[in-house]
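Okay, thanks for coming, everyone. I'd like to walk you through one structure today, and I'll try to keep things short. Have a look at the picture first, and then we'll go through it piece by piece.

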Amino acid sequence: MHASGESANALTILKAAAQGTAQEHAPLEKVVDAVTTALKDYNLPASSAADVTSQMIAAVSHGKMTFEDFTGALGQVQASAASAGESMTDLYAAMAQMTSH
């Protein structure tokens, strides 16, 4: 990939992460890390960053956890879930459900 393509991908991810930071008051570096990890685990392009961020925000808002708590727990299971064929949507919904009580 050319440097300009990498820069565009980085800006796409950063823009999506900034949305998460604004909505969840989480540190930008934590949101960027969570989004890029999800993109990698699910083999998604940078253009999916906004959708990934939105799904994370939805899961946090439906559960009783902070964005940082969610992404900390996510780090324990996401790679395994992705390699087992579990969809991101189902994984995030399950995590939200487990913390909603």
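**Rings, helix contacts and a few odd residues**

So, let me start with the aromatics: the count here comes to one aromatic pair. That pair is F70 and Y92, with ring centres 5.4 Å apart and planes at 80 degrees, and since anything over 60 degrees goes down as edge-to-face, this one is edge-to-face. Where do the two rings sit? F70 is in helix 4, residues 67–83, and Y92 is in helix 5, residues 88–98, so the pair ties together parts that are 22 residues apart in sequence. Please keep in mind that this is a predicted model.

Are those two residues buried or exposed? F70 is buried, at a relative accessible area of 0%, and Y92 is buried as well, at 2%.

Staying around there, have a look at Q78. Q78 is in helix 4, and this glutamine is buried, with 2% relative accessible area. What does Q78 touch? Leaving aside residues up to four places away in sequence, Q78 touches T37, A38, D41, Y42, L91 and Y92. You'll recognise Y92 there from the ring pair with F70.

Right, on to how the helices pack. I'll take helix 3 and helix 5 to begin with. Their axes are 8 Å apart and the packing angle is about 20 degrees. The cut-off for roughly parallel is under 35 degrees, so helix 3 and helix 5 count as roughly parallel to each other. The crossing of these two is right-handed. On the helix 3 side, the contact uses V52, Q55, M56, A59 and H62, and these meet M88, T89, Y92 and A96 of helix 5. If you sort that contact by class, you get six nonpolar residues, three polar and no charged.

Now turn to helix 2, residues 28–41, against helix 3, residues 49–62. Here the angle is about 115 degrees, and the axes are 10 Å apart. Why do I call that roughly perpendicular? Because the range for that label is 65 to 115 degrees, and so helix 2 and helix 3 come out as roughly perpendicular to each other. The crossing of helix 2 and helix 3 is right-handed. Helix 2 brings A34, V35, A38 and L39 to the contact, and helix 3 brings A49, V52, T53 and M56. That contact has seven nonpolar residues, one polar and no charged.

If you were following the names, V52 and M56 of helix 3 are listed in the contact with helix 2 and again in the contact with helix 5. A38 of helix 2 is in the helix 3 contact, and A38 is also among the residues that Q78 touches.

Let me stay on T53 for a minute. T53 is in helix 3, and at 0% relative accessibility this threonine counts as buried. Which residues does T53 touch? Not counting residues up to four places away in sequence, they are A16, A17, Q19, G20 and V35.

A couple of distances from T53, both C-alpha to C-alpha. A18 and T53 are 35 residues apart in sequence and 9.4 Å apart in space. A18 itself is in helix 1, and at 36% relative accessibility A18 counts as partly exposed. Going the other way along the chain, T53 and A93 are 40 residues apart, and their C-alpha atoms are separated by 14 Å.

Last topic: backbone oddities. Most residues other than glycine have a negative phi. Here are two with a positive value. H25 has a phi near 55 degrees, and H25 isn't a glycine. H25 is found in the loop between helix 1, residues 3–24, and helix 2. At 71% relative accessibility, H25 counts as exposed.

The other one is N43, with a positive phi of about 55 degrees, again in a residue that is not a glycine. And where is N43? In the loop between helix 2 and helix 3. N43 counts as exposed too, at 69% relative accessibility.

That's what I had. Happy to go back to any of these on the screen.

Terms used
Residues are numbered from 1 along each chain as its sequence is written. This is a predicted model: local features need pLDDT of at least 70, side-chain atom pairs count only at pLDDT 80 or more; totals for chains, interfaces and linings use all residues. Side-chain values use heavy atoms; hydrogens and water are left out. Axes are lines fitted to C-alpha atoms, for helices over the stretch in contact, and angles run from 0 to 180 degrees between N-to-C directions. Helices (H or I, at least four residues) and strands (E, at least two) are DSSP runs, numbered from the N terminus. Angles under 35 degrees count as roughly parallel, over 145 as roughly antiparallel, 65 to 115 as roughly perpendicular and the rest as oblique. A crossing is left-handed if the near helix is turned anticlockwise from the far one by less than a right angle, and right-handed if clockwise. Contact means heavy atoms within 4.5 Å. Ala, Val, Leu, Ile, Met, Phe, Trp, Tyr, Cys and Pro count as nonpolar, Asp, Glu, Lys and Arg as charged, and the others, Gly among them, as polar. Rings of Phe, Tyr and Trp (its six-membered ring) pair if their centres lie within 6.5 Å; planes under 30 degrees apart count as stacked, over 60 as edge-to-face and the rest as tilted. Buried means under 20% relative accessible area, exposed over 50%, partly exposed in between (1.4 Å probe, protein chains only).
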